[in-house]
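Me: I have a protein model open and would like to go through it piece by piece. Could we start with the charged side chains?

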Amino acid sequence: MNNFLEYLKTLNQNYDFEAISKAYEVADKMHKNQFRKSGEPYIIHPVETAKILAELGMDTQTVIAGLLHDVVEDTDYTEEQLEENFGKEVALLVDGVTKLGSLVFETKEEAQAENLRKMFLAMSKDIRVLIIKLADRLHNMRTIDFMPPNKIKEKCKETLEIYAPLANRLGMFNIKFELEDIALKHLEPEFYADLSMQINQRKEQREENINVIIKELSEALDKLNIKYEIKGRSKHFYSIYKKMRDKNKQLDEIFDLLAIRVLVETVRDCYAVLGTVHTMWRPIPGRFKDYIAMPKSNMYQSLHTTVFGKDGSPFEIQIRTYQMHEIAEFGIAAHWKYKEGVKSDREEGKLAWLRQTLEWNKDMDDSSEFMEALKVDLFSNQVFVFTPAGKVIELPSSSTPIDFAYKIHSAVGNKCIGAKINGKMVPIDHRLENGNIVEIITSANSKGPSVDWLKIAKSSNARNKIRQWLKKENKSENVEKGKSMLDRYIRRKGYDPQQIIKLQRINRVAKELNCSNTEDLYSSLGYGGTMLSKVLDFLVKFYDEEKKNEQKKQKEIKNFEPKQKAKHEATGGIRVKGIDNILVRLSKCCNPVPGDNIIGFITKGRGVSVHRSDCTNITSLPEEEKGRFIEVEWDLEKEFRSFETDVTVLSEDRKGLFSDVSKICEDMDVHITGVMAKSNSDNTASVALTVQISNVNQIAQLMKRFKSMRGVIDVHRGNNS
């Protein structure tokens, strides 16, 4: 223990060494008879984990949690003892690490790995839990040689897919690089050995080149009168491997294999150094990156530029402040270095970790306030659970086994009769928690979902599938149920259903709510797919609209000046329902004749215009204008003379066409008052006639005769050809 404590003192004099000593004694005692695969005492692992945490600059509580992270899971030491002896904060950290350690990863597809990373974040309410887990994994990877070959490959894949990306997300590049390189060494041993050999062969030449560059750059920077430090940087193996694999490159084609890093005190100095570098060596276009002005989401900041050396070989230079370098090396853990007094002579800067979830406050001094800001609630609206086969399923928070069942498949949800969570039976309204292993129990004899399931399900996916099943299976029953429910609801709200529910009105409601017809609307009400309040809101809205339109119509009718009866008769005898002595005119757009189905439209100041019911000017009116319609009819008691109407004949273009048309009109004693004939580009001809007729039967006979002519293609009312 003494060696361990002495080592910690070299890292940070401000630790609570009494508490750390006490934690060491507990860990040593509880792990006393346990050994690792290497044959070493187990206590070595928690001690090495704690050392890594101390090297990262973590606080006293985190170092203690690192020492004790396995005692609750692997020994008889209880959570209650842990909290009593070391406080609630340490107990929560150990509990978080224990829960993460209990996750079993069986499938390793790319999407699955991303969900597992999300699960880690969702389960780690304190970011230090993840840092402890990364330290734990790093020491296990350093000693992985003692595991069986199949386990080595499994752990290495898991490290590349889960832990290294998490270290990257936290900006902890030192840990990320080491994890990746150890994993690569075991997963691609031949590549790793060959790469090591190539790099070692050129090591002497590379070091010589780096020393020359450092010497030249130092001489130039001395003239700037700034404090600086220059280091050579080796690119880690996994990064080289990815570039060679993904971009199909050879080792000689990787520009940043040879790299220099310059550390300075201020941002202004960074740009001054950049200017000097670009005057000394020619920069490669497109290879400059300004991560100071635009930091990465994991708070990484630096200037990167790649230039041509004097011998034409490219090399990379990275320029950053000392504080940026600290953050680049340790990421989120750099904060504790400042809080624990390590390198306290440096100014604490504004951190920018995970911009999409946390806004860091550079004036934040209170520890409890800072810890509150470190709560990881990036995925607080989601829950991540496992299938029995180990696949991660992502659901909305507060989801139940019903949501899980329908996420798997509609048939699983429809046949669900119960569920097991971590092997224990639970009700179907049980709330799922991160890391649960969920097994759905189904039965072929299940009656299927009920309306009550809509209240239990939290995901829109599950609710939609439940509604689909209810809609399909109980249509007639739901229709009657929906009618009854709506009737009772309307009465309860103080309305008269007979007054509010009209066929035309309910049809409009169905259309508004995207139901194909009123039957579907009632069915949807019956199975809970549509809210009663929504239907009533629309019914009342339409009822009020109709009432206002009727009042407006009556007001406009009263404003019309009475006209002479002769004027009324000039329309050919049109009766307006319920009104006498009103100006009525036949519309020129469709020229209705006695016998046509007609409708009246109340115009503003020009009385009632009468149209054929199929007139496009009428059928295309917006819904709000249809309130101006009024019932009209032909006065069959009147002795009609003649009416003008239009007929168009479309025929093959031939000689004698107009002569034949005129002959038919003459034979039927139909007077032509207007004509327009034209030849079309497709060898057809149009003859548009305005004729005087007495009724619709006469126009029908005339059109029938036209259709019998040679070469006629079409005959229709109206003058459009």
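Reply: Gladly, and please keep in mind that this is a predicted model. A good place to begin is Arg508, whose side chain meets that of Glu545 in a salt bridge, at 3.4 Å from N to O.

Me: Which parts of the chain does that pair of Arg508 and Glu545 tie together?

Reply: Arg508 belongs to helix α25 (residues 503–512) and Glu545 to helix α27 (residues 532–559), so the salt bridge ties together parts that are 37 residues apart in sequence.

Me: And Glu545, is it buried or partly exposed?

Reply: Glu545 counts as partly exposed, because its relative accessibility is 31%, and the buried class takes in values under 20%.

Me: OK, how many salt bridges are there in the whole structure?

Reply: A search of the whole structure finds 23 salt bridges. Another of them joins Arg717 and Asp596, where the closest N and O atoms are 2.7 Å apart. Arg717 is in strand β21 (residues 712–717), while Asp596 is in the loop between β13 (584–586) and β14 (598–602), so this pair ties together parts that are 121 residues apart in sequence.

Me: Are Arg717 and Asp596 buried or exposed?

Reply: Arg717 counts as buried because its relative accessibility is 15%, and Asp596 counts as buried as well, at 10%.

Me: What about Asp667, what does it pair with?

Reply: Asp667 forms a salt bridge with Lys663, with 3.4 Å between the closest N and O atoms. These two residues are 4 apart in helix α30 (residues 657–667), so about one helical turn separates them. Asp667 is partly exposed, with a relative accessible area of 44%, and Lys663 also counts as partly exposed, at 48% relative accessibility.

Me: Which residues are linked in a network of salt bridges?

Reply: Asp59, Glu89 and Arg128 are linked in such a network.

Me: Changing topic, what is in the largest nonpolar core?

Reply: The largest nonpolar core has 58 residues, and those with the most contacts inside it are Phe4, Ile20, Leu67, Leu68, Leu82 and Phe86. Helix α9 (residues 127–142) gives the most to this core, with 9 residues. Apart from it lies another core, of 35 residues, which includes Ile579, Val632, Ile693 and Val715.

Me: Phe86 sounds interesting, so what does it touch?

Reply: If we leave aside its neighbours within four places in sequence, Phe86 is in contact with Ala19, Lys22, Ala23, Val26, Ile64, Leu68 and Tyr77. Two residues from that list, Ile64 and Leu68, are among the buried residues of helix α4.

Me: Why is α4 described as largely enclosed?

Reply: Of the 9 residues in helix α4 (residues 60–68), 8 are buried, so the helix is largely enclosed by the rest of the structure.

Me: Now the strands, please. What is the order in the open sheet of 3 strands?

Reply: The order is β10-β9-β11, with antiparallel pairing, and the edge strands, β10 (424–426) and β11 (438–442), each pair on one side only. Strand β9 (residues 416–421) pairs with β11 over 5 bridges, and Ile421 stands opposite Val438 in β11. Helix α19 (residues 401–408) lies across β9, β10 and β11, and runs at about 80 degrees to β11.

Me: Last one, which strands form a hairpin?

Reply: Strands β19 and β20 do, with 4 residues between them, and Asn683 in the turn has a positive phi of about 65 degrees. The two strands, β19 (residues 671–679) and β20 (residues 684–693), run antiparallel and are joined by 8 bridges, with Ala677 standing opposite Val687 in β20.

How values were computed
Residues numbered from 1 in each chain as written. Predicted model: local features only at pLDDT ≥ 70, side-chain atom pairs only at ≥ 80, totals over all residues. Heavy atoms only, no water. Pairing = 2+ DSSP bridges. Contact = heavy atoms within 4.5 Å. Axes fitted to C-alpha atoms, helices over the stretch in contact; angles between N-to-C directions. Core = buried A, V, L, I, M, F, W, Y, C linked by side-chain atoms within 4.5 Å. Buried < 20%, exposed > 50% of the residue type's maximum accessible area, 1.4 Å probe, protein only. Salt bridge = Lys/Arg side-chain N within 4 Å of Asp/Glu carboxyl O.
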